[in-house]
Amino acid sequence: MTRITVLGTGYLGATHAACMAELGNDVLGVDSDPGKISSLRRAETPFFEPGLHDLVAKHVASGRLRFTQSMEEAAAFGDIHFLCVGTPQLESGHGTDMRFVDGVVDEIGPYLHRPALFVGKSTVPVGTAERLTERLTRLAPAGAAVEVAWNPEFLREGHAVADTLRPDRIVIGVASETAEQKLRALYAPLADAGVPFVVTDFATAELVKVAANAFLSTKISFINATAEVCEAAGADVYQLASALSYDPRIGGNFLSPGIGFGGGCLPKDLRAFVARADELGVGQALRFLKDMDAINNRSRKRMVDLARRECGDDFSGKRVAVWGAAFKPDSDDVRDSPALSVAEAIRAEGGRVTVYDPQANDNARKAHPELYYADDALDAAAEADVLLHATEWNEFRTIDPHSVGAVIGSRRVVDGRGSLDEDRWRAAGWTYRALGKPRIG
Ligand code: UDX
């Protein structure tokens with residue numbers, strides 16, 4: 001049984017800790033936030049993530065998963081330390097704020113008296129693993145016996161547990177045979193089940209993560225840029241995307257048009273990748289990614305434009321219902337959420353915006369107290385001049401458009417995710433609009 005610590009118990013850390021316990025390890029989760037630690041000790045997860053609560057509860061009960069605030073305890077306990085703290089965008093620019101990463105290293109370093117493997121999972125600028133190796137060797141009493149490895153995480157919110165226990169691939173960046181062997185042993189249950197295991201150097205492992213997210217962002221922005229052309233040409237981007245998806249070289253994933261990507265990862269990773277390339281003197285190579293970011297922001301603006309048009313070219317005094325606040329369904333995360341950015345832009349133009357999200361109302365209210373919030377989908381739509389579908393929760397896809405039609409002021413829907421059944425809504429007497437689709441009716 002390997003003794004593991006997980007430093008940072010946010011989305012990534014809490015999931016990783018519970019999954020490592022599920023794989024049979026003895027795990028200690030560490031966080032500086034006393035509130036988080038006490039709720040995790042009671043097996044309460046501080047965010048909505050399907051399946052995570054049950055897994056945390058199972059292993060808090062089995063005794064394989066414990067939590068502490070003490071770095072000293074963590075250093076004494078762990079054979080392998082996983083770094084899972086956040087790496088947000090700098091307030092002052094597009095680069096990465098390394099405050100939490102460096103803070104954890106500086107805190108745990110002086111307590112590392114025995115050999116250990118320090119494994120980074122956080123998304124970081126390339127060059128970080130090398131820099132932290134030097135820093136830990138200097139800080140740790142065990143010196144060079146504390147090794148570093150990089151093991152990027154590719155989990156999606158809403159699928160975090162499944163993505164950790166059955167990942168598409170495991171990537172490790174290592175500088176020694178011992179580090180590789182330790183991680184191979186740890187992940188043997190997954191590799192034995194057929195998960196591809198890719199061993200690289202530090203820099204490659206670090207870059208795999210940002211390259212993956214930049215590629216995914218590019219796919220989404222490509223289809224959303226094409227949606228603009230479809231609008232101008234009277235074509236339908238949804239039919240176009242579906243036709244593209246049959247080409248196995250293109251594939252259909254991440255090709256859903258709409259108001260674009262948000263969340264705590266894709267937007268900031270895209271910008272950080274460009275910022276780091278700039279620092280390395282190769283900014284030119286990634287200049288196109290700035291366009292992907294701009295297309296993404298423009299998709300939100302185009303949604304506002306479409307909604308305004310449905311409101312007679314002016315939002316002032318108009319009631320606008322927004323279904324969805326989370327950046328994607330099955331999550332309560334509202335960071336850089338396209339739904340909320342659209343809602344806020346309409347409010348700023350004088351609209352009276354009421355938002356409803358099945359899980360994210362509380363987080364949305366904290367981030368945007370100036371918007372109105374409703375307790376259910378029908379309440380949000382009551383007497384509205386237009387309904388905006390901004391996050392594709394299943395609840396919205398399956399709702400009866402007749403029941404919404406009975407409470408709304410004007411039967412107009414703008415589908416920002418293209419996932420409502422257009423024929424069904426039209427049959428119920430609605431005017432249906434979506435980005436990248438011809439205007440009918
Ligand atoms: C992403 C990566 O998928 C994951 O591998 C990485 O570890 C972290 O970042 P996540 O942020 O959880 O995960 O969300 P994801 O499911 O990738 O969706 C990102 C955004 O793209 C959402 O706002 C989603 O609505 C949007 N999206 C996704 C589209 O607009 N169109 C698509 O076709 C797919």
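**Notes on the ligand site and the empty spaces**

1. Let's start with the ligand. It has 20 residues around it, and the closest are F154, E157, S256, F327 and K328. Keep in mind as you look around that this is a predicted model.

2. Now for the polar contacts, starting with the backbone. A polar backbone atom of E157 sits 2.7 Å from an oxygen atom of the ligand. G262 also brings a polar backbone atom, at 3.0 Å from a ligand oxygen. With K328 it's a polar side-chain atom, and its distance to an oxygen atom of the ligand is 2.9 Å. On its own the ligand has 670 Å² of accessible area, and the protein covers 91% of that.

3. What kinds of residues make up the shell around the ligand? Ten are nonpolar, four are polar and six are charged. If you'd like one element to follow by eye, pick helix α10 (residues 202-233), which gives the most to this shell, with four residues.

4. Why does the ligand lie between domain 1 (3-200) and domain 2 (217-434)? Because both domains give residues to the shell around it.

5. Next, the empty space. Here's the general idea: rolling a probe the size of a water molecule over the atoms shows where empty space is left. This structure holds one cavity of 30 Å³ or more. The largest cavity has about 90 Å³ of space.

6. Which residues line the largest cavity? They are T96, T123, V124, P125, V126, L207, V210, K268, D269, A272, F273 and R276. Two elements, α10 and α12 (266-279), give two or more residues each to this lining. The most comes from α12, with five residues. You've already met α10, since it also gives four residues to the shell around the ligand.

7. Sorted by class, the lining of the largest cavity has seven nonpolar, two polar and three charged residues. Domain 1 (3-200) and domain 2 (217-434) each supply at least three residues to this lining. Both domains also give residues to the shell around the ligand.

8. Last stop: the second largest pocket, which holds about 260 Å³ of space. It is lined by 14 residues, and E231, R302, L306, R309 and R439 are the closest to its centre. The elements giving two or more residues to the lining are α13 (287-310) and β14 (431-434). The largest share, five residues, comes from α13.

9. How does the lining of the second largest pocket divide into nonpolar, polar and charged residues? Nine are charged, four are nonpolar and one is polar. Try setting that beside the lining of the largest cavity, where seven residues are nonpolar and three are charged.

Technical notes: Residues numbered from 1 in each chain as written. Predicted model: local features only at pLDDT ≥ 70, side-chain atom pairs only at ≥ 80, totals over all residues. Heavy atoms only, no water. 1 Å grid on protein atoms, 1.4 Å probe; cavity = no way out; pocket = protein on both sides within 12 Å on 5 of 7 lines; lining within 4 Å. Points joined across faces, edges and corners; volume = space filled by probe spheres on them. Nonpolar A, V, L, I, M, F, W, Y, C, P; charged D, E, K, R; others polar. Near = heavy atom within 4 Å. Polar contact = N/O pair within 3.5 Å; in protein donor to acceptor, adjacent residues only side chain to side chain. Areas by Shrake-Rupley, 256 points an atom, 1.4 Å probe, with all protein chains shown as cover. Domains from an automatic or database assignment.
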